Amino acid sequence: MPIPSTVIWSYSVGGAVFVTGLVTIFLRGHWQKARGLDKLLLFGPLCYAMPLAAFGTEHFTLTADIASFVPKWIPGHLLWTYFIGACFIAAALSLVTKIQARLAATLLALTFFLFVLLMDAPAWPRIPQNRFVLTLSLRELSFSAGALAFAASLTAEWRERGSHVFATISRYIIAITALVYSFEQCLHSDHVPGVPLEPLTPTYVPGHALWTYLAAIVYAVAGILLLINRKTRAAATWLGLTVLFIVLVVYVPIAVVERASLAKGLNYIFDTLMFCGAILMFATAMPRES
């Protein structure tokens, strides 16, 4: 099955960003200094930046399709499409190299919040019966919250006191998202887990509905702990690890089978991987428990 150039370009740019981040982690000694599950948190920016760069690439390979999502009242659809695509790739490199990472994370948080405000929220009144509108809105908000918390973790206030108001806002967003997703996955165990989207879990995925129930349980426990502000760093870390595990056992097989498709292959694995990265970046902003 031939793989279209649009898919190859997205995987190539995303992969290049991932390798850049991986090299940075080891060359700067971050891996050697981290202990225990904190080593996993080092991969938060990588899991976030790799999909971000791939999606930024789509702005150049699928320009007309993506420009159609820009609200009609905003002028310069093509200009915004190219601009956001270039910013996504630049921000991805910034996150993994830590060059102006705080600025990049702050602007990403604002961008994804505006996506929800300008594109997702207006769709709610038109199709209130579609539960996936809420799912997608919470996913975009989580992308914003992860970047916001990561930006907070790079401030002097966080380094001195281990806390920041942006991290607190992010905690509530991630907690509510986890609880809503847990409820959705309990009700619809036949749909793909992680981010409970419309496709059914393919029969060729080993374990099938088992992973959906597993995700629902972890999401519920982690969501409650985050909501009541108890064991927040551990809860967020295990939540991110669960999503990463689901990516490996569910979405990697789907991406292999649908390797020629952006919509059914690349986008699904990268959307969920970016959700994982957002949670892990959020975890870095949570205080360490003794």
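**Notebook: helix contacts, salt bridges and a surface patch**

I started with threonine 135, which sits in helix α9, residues 131–152. The model is a predicted one, and I read every entry below with that in mind. Is threonine 135 buried or exposed? I found it buried, at 2% relative accessibility. The cut-off for buried is under 20%, so 2% qualifies. Next I listed its contacts, leaving aside neighbours within four places in sequence. Threonine 135 touches Tyr181, Val195, Pro196 and Leu197.

**Same helix, a charged pair**

I stayed in the numbering range of α9, residues 131–152. Arginine 139 and glutamate 140 form a salt bridge. Their closest N and O atoms are 3.4 Å apart. I checked the cover on both: arginine 139 is buried, and glutamate 140 is buried too.

**Salt bridges around aspartate 38**

How many salt bridges does the structure hold? I noted five. Two of the entries I looked up involve aspartate 38.

The first entry pairs aspartate 38 with arginine 233, at 3.3 Å from N to O. I placed aspartate 38 in helix α3, residues 38–41, and arginine 233 in helix α13, residues 232–257. The two lie 195 residues apart, so this pair links distant parts of the chain.

The second entry pairs aspartate 38 with arginine 288, again with the closest N and O atoms 3.3 Å apart. Arginine 288 lies in the segment after α14, 250 residues from aspartate 38 in helix α3. This pair also links distant parts of the chain.

I then looked up exposure for the three residues. Aspartate 38 is partly exposed, with a relative accessible area of 21%. Buried means under 20%, so aspartate 38 falls outside that class. Arginine 233 is buried at 8%. Arginine 288 is exposed at 57%, because exposed means over 50%. Which residues do shared partners join into one network? I wrote down Asp38, Arg233 and Arg288.

**Helix α4 against helix α14**

I turned to helix α4, residues 44–61, and helix α14, residues 262–284. They pack at an angle of about 145°, with axes 7 Å apart. I noted the crossing of α4 and α14 as left-handed. On the α4 side the contact includes Gly44, Pro45, Cys47, Tyr48, Met50 and Pro51. On the α14 side I noted, among others, Leu262, Leu266, Asn267, Phe270, Gly277 and Met281.

Alanine 49 is also in helix α4. I found alanine 49 buried, with a relative accessible area of 0%. What does alanine 49 contact, leaving aside neighbours within four places in sequence? I listed Val17, Ala92, Leu95 and Val96. I also looked up its C-alpha separation from glycine 277: 7.9 Å, with their positions 228 residues apart along the chain.

**A nonpolar surface patch**

My last lookup was methionine 119, in helix α7, residues 101–120. Methionine 119 is partly exposed, at 31% relative accessible area. Patch residues need over 30%, so methionine 119 passes that cut-off. I found methionine 119 in a nonpolar patch on the surface. Other members include Phe69, Trp73, Leu103, Leu107, Leu110 and Phe113. Leu114, Leu117 and Leu118 belong to the patch as well. Together the patch residues have about 990 Å² of accessible area.

Conventions: Residues numbered from 1 in each chain as written. Predicted model: local features only at pLDDT ≥ 70, side-chain atom pairs only at ≥ 80, totals over all residues. Heavy atoms only, no water. Patch = residues over 30% accessible without salt bridge, like charges linked within 9 Å, V, L, I, M, F, W, Y side chains within 5 Å. Areas by Shrake-Rupley, 256 points an atom, 1.4 Å probe, with all protein chains shown as cover. Salt bridge = Lys/Arg side-chain N within 4 Å of Asp/Glu carboxyl O. Helix = DSSP H or I, 4+ residues; strand = E, 2+ residues; numbered from the N terminus. Buried < 20%, exposed > 50% of the residue type's maximum accessible area, 1.4 Å probe, protein only. Axes fitted to C-alpha atoms, helices over the stretch in contact; angles between N-to-C directions. Left-handed = near helix turned anticlockwise from the far one by under 90°. Contact = heavy atoms within 4.5 Å.
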